[in-house]
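Below are some notes on the two-chain model you sent round. They are kept to geometry and contacts, point by point.

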Amino acid sequence: MRPPGTGTDELAERLPDVEAVSVALDAVDYLSDPGLATALFCAARLRQPLLLEGEPGVGKTEAARALAAVLDTPLVRLQCYEGIDAAEALYEWDYPRQLLGIRLAEARGTELGEGELFGRDYLVERPLLRAIEHPGPRPAVLLVDEVDRADDEFEAFLLELLADAAVTVPELGTIHAVHPPVVVLTSNRTRDLHDALKRRCLYHWIDHPDLARSVAIIRRRVPAAATPLAEQAAATVLRLRGLGLQKPPGVSEAIDWVGVLDALGLVALDAEAADRTLGAVLKYREDLDQARAAGLDALVGEA
Amino acid sequence: MPDPSSSPAGTGAATTDLALVAAALAERLHDAGVAATPQRAGRFAAAVAAARPAGREALYWLARVTLVGDRSELATFDRVVAEVLGAPPPSSPGGEPLAPSAPPVALAVPTEGRGPDGDDAGEDDGVDGAERLRAAASVEERLRHTDFDEWTEAERERLRTLVGGLPVVAPSRPGRRHRPARHGHRDDVRATLRRAHRTGGDPVVRARRRRTVRPRRLVLLADVSGSMEAYSRAYLWLLHRAVRGARAEAFVFATRLSRLTVPLREADPDAALAQAAALAPDWSGGTRIGEALRRFNEDHGRRGLARGAVVVVVSDGWERADPTRLGEEMARLARLAHRVVWVNPRAATEGFAPLAGGMAAALPHVDALVSGHSPAAMAELLAVVAADGPGGRGSHRAAP
């Protein structure tokens with residue numbers, strides 16, 4: 001049991017209730033729904049890791065980024081992949097510099113002791129250690145992205161680290177977090193996460209936003225784009241999702257698309273413009289064929 | 001990580017009612033099959049105390065974030081909360097219904113005894129062991145029975161000896177990690193430096209390391225339709241062995257696709273198979289292989305389950321629907337997977353030619369076709385899977 005530090009009080013001050021989280025997220029240009037705002041509120045206030053799941057492109061990573069902006073603390077991101085290990089996630093010794101240090105000491109005729117050689121100067125901090133060592137005044141936001149891609153040994157290691165909010169470097173001793181990070185994990189459900197990890201976490205499934213919210217999000221992210229363009233693009237992406245594609249587009253693709261259309265100087269989306277820019281939304285040849293077969297006129301709402 | 005459930009002081013004095021409400025809601029969810037542990041109930045109470053929700057919707061979201069642990073539980077959760085709060089839950093934005101083939105209860109069944117590596121579940125196992133059992137029992141009540149239970153003891157015994165003795169070895173892939181090895185291919189800078197320190201900073205001995213080898217993901221898809229009836233029981237045993245022994249993912253299909261990985265993790269084969277049989281409602285039904293593969297590709301494969309995996313499909317290829325669909329889905333699967341092995345028990349019959357519409361459509365996308373019709377042939381299949389052709393993907397793919 002950790003005594004509530006000053007960082008915790010400051011969090012309570014910044015985020016008194018769910019409504020405040022919504023407003024603050026809005027202020028950093030992240031439009032949330034009540035569910036996500038509640039989830040982020042609980043993660044920050046209960047200091048419990050939050051597991052976010054959802055289709056690719058619904059804004060899981062953005063949510064963590066926005067939370068960090070709201071708390072005005074750094075976002076420390078750890079991208080997981082198959083085979084990730086402690087050296088890449090936690091810390092590593094800077095071997096070339098150590099070797100150089102030994103040589104330099106020799107040249108000067110001095111001796112470099114173990115204590116100096118394995119001191120903080122030669123330690124390369126990786127994301128997990130950076131998040132734990134964050135000096136405050138508020139805790140950092142640690143984003144463990146796509147945790148389902150890491151092996152389950154790494155999951156167990158992560159669990160242990162999150163539980164203790166401490167890291168042991170054999171040569172240096174144990175480093176305790178002054179302000180344990182607010183932890184957000186994301187998963188694309190490529191495999192089942194370990195029960196033990198799930199049990200520790202709060203859980204939120206992010207759905208694709210509805211049309212009105214999609215439009216609002218696009219307008220916020222691409223302010224230069226014309227309103228009808230944002231509306232048409234959002235509606236078209238919604239229709240594309242109904243086609244049963246291999247990779248149905250999400251909001252993030254819709255934002256990219258509007259950005260592309262806007263860069264081309266278009267103010268409205270028609271079949272011809274869609275045909276030219278479809279590659280911004282659909283990334284599989286089969287999907288492109290299917291969308292064209294379904295009729296771009298109908299998809300952009302012209303027919 | 002501080003756990004609010006263990007700190008009643010943190011939630012204030014006026015929380016007695018709240019604690020009761022939270023506990024009651026958690027209990028109702030339990031009875032409905034959502035694994036809402038006391039720990040989660042505690043978190044719910046702490047969240048309510050911190051957020052002071054104003055309305056039903058706010059309360060709904062607090063409950064959902066704290067009490068639910070998986071997407072598959074959301075439908076049940078919504079139903080129970082609607083009963084308790086007396087109002088329908090706020091519609092989720094852009095509300096997409098759960099994919100129809102997503103096994104609604106399968107993922108919610110907490111598994112007991114996952115073997116040696118299930119032990120790191122940690123300290124709270126003892127606490128909610130009983131709770132999990134209760135959740136499992138209530139799920140079981142709603143499960144349908146199949147004629148799987150009607151197996152004679154003699155039949156089970158025979159299979160146990162035939163299949164039970166087969167070792168299932170997962171194929172391997174190069175891992176990211178390295179370990180020291182005298183004749184390794186890479187320099188181990190850390191070890192070299194450590195030794196250099198001993199010799200006054202001069203790296204005299206060059207330490208080497210080599211890549212570790214990790215098990216590759218193994219996915220088994222077994223056809224349990226009517227035409228495969230004679231083999232499906234034996235293959236279910238194999239699925240159980242593979243899930244337990246090689247941490248494989250297991251699916252069965254006839255008219256629809258069911259994921260059986262979770263029930264098959266059960267150590268006791270009889271209990272595991274009974275649960276698995278109950279979860280797949282279409283035993284001995286017709287076959288729609290293309291549709292089942294499409295569901296697999298869309299719900300599991302493209303998310304990454306099949307990516308880089310060795311995928312084994314057990315089926316006779318008798319497709320009732322249009323074989324073109326099957327061909328397309330096999331092509332997708334072949335693009336995702338490292339290797340696709342097709343097991344067709346009928347391939348052993350004399351004069352066999354892959355003429356069944358489905359088989360002919362699938363063959364161009366298959367790396368290896370084996371028969372696997374007898375225990376000996378099954379052992380051969382396992383050897384093919386474990387060997388994981390040295391040429392890598394595509395090298396064994398038959399000419400169209």
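**Notes on the predicted model**

1. A:E146 is partly exposed, because 19 other C-beta atoms lie within 10 Å of its own, and a residue needs 20 or more to count as buried. This residue sits in the loop between β5 (141–145) and α9 (152–164) of chain A. Its phi is near 55°, a positive value in a residue other than glycine. Please keep in mind that the model is predicted, and that local features are reported here only at pLDDT of at least 70.

2. A second non-glycine residue in chain A with a positive phi is A:D29, at about 65°. The loop that holds A:D29 runs between α2 (18–27) and α3 (34–45) of chain A. A:D29 has 13 C-beta neighbours inside 10 Å and therefore counts as partly exposed; the exposed class ends at 12 or fewer. As background to both residues, most residues other than glycine have a negative phi.

3. On chain A as a whole: the chain has 16 helices and nine strands. Of its 303 residues, 47% are buried. When contacts in chain A between residues at least 6 apart in sequence are taken, 78% of them join residues at least 24 apart.

4. How are the strands of the five-stranded sheet in chain A ordered? The order is β2-β5-β8-β1-β9, in an open sheet with parallel pairing. β2 (75–79) and β9 (202–206) of chain A are the edge strands, each paired on one side only. Neighbouring strands are turned against each other by 20° on average, with direction ignored.

5. The pairings inside that sheet can be followed strand by strand. β5(A) pairs with β8 (residues 182–187) of chain A in the parallel sense, over four bridges, and A:L142 stands opposite A:V183 in β8(A). β8(A) is also joined to β1(A) by four bridges, again with the two strands running parallel. There A:L52 has A:T186 of β8(A) as its bridge partner.

6. Strand β1 (residues 50–54) of chain A deserves its own point. Four of its five residues are buried, so that the strand is mostly covered. Besides its bridges to β8(A), β1(A) pairs with β9(A) in the parallel sense over five bridges. In that pairing A:G54 is matched with A:I206 of β9(A).

7. For a helix pair in chain A, consider α11 (residues 211–221) and α12 (residues 227–241), which pack at an angle of about 130° with their axes 9 Å apart. The two helices are therefore oblique to each other, since the roughly antiparallel class takes angles over 145 degrees and the roughly perpendicular class ends at 115. The crossing of α11(A) past α12(A) is right-handed. On the side of α11(A) the contact is made by A:L211, A:S214, A:V215, A:I218 and A:R219. The residues of α12(A) in this contact include A:T227, A:A230, A:A234 and A:L238.

8. The contact between the chains takes 49 residues from chain A and 44 residues from chain B. On the chain B side, α2 (38–51), α3 (56–67), β1 (172–180), α7 (189–198) and α11 (289–305) each supply at least two residues. α3(B) gives the most to this side, with seven residues.

9. Chain B has an open sheet of six strands, in the order β6-β5-β4-β7-β8-β9, and the pairing is mixed. Its edge strands are β6 (257–259) and β9 (368–370) of chain B, each of which pairs on one side only. From one strand to the next the twist averages 20°. Within the sheet, β4 (residues 218–223) and β5 (residues 249–253) of chain B pair in the parallel sense over five bridges, with B:L221 opposite B:F251 in β5(B).

10. Does the length of helix α8 (residues 229–246) of chain B agree or disagree with what its residue count predicts? At 1.5 Å a residue its 18 residues should span 26 Å, and the end C-alpha atoms are 25 Å apart, which agrees. α8(B) is mostly covered, with 13 of its 18 residues buried. The helix is followed by B:R247, whose phi is positive, near 50°.

Methods. Residues numbered from 1 in each chain as written. Chains lettered and ligands numbered in written order. Predicted model: local features only at pLDDT ≥ 70, side-chain atom pairs only at ≥ 80, totals over all residues. Expected span 1.5 Å × (residues − 1). Pairing = 2+ DSSP bridges. Axes fitted to C-alpha atoms, helices over the stretch in contact; angles between N-to-C directions. Parallel < 35°, antiparallel > 145°, perpendicular 65-115°, else oblique. Left-handed = near helix turned anticlockwise from the far one by under 90°. Contact = placed C-beta atoms within 7 Å.
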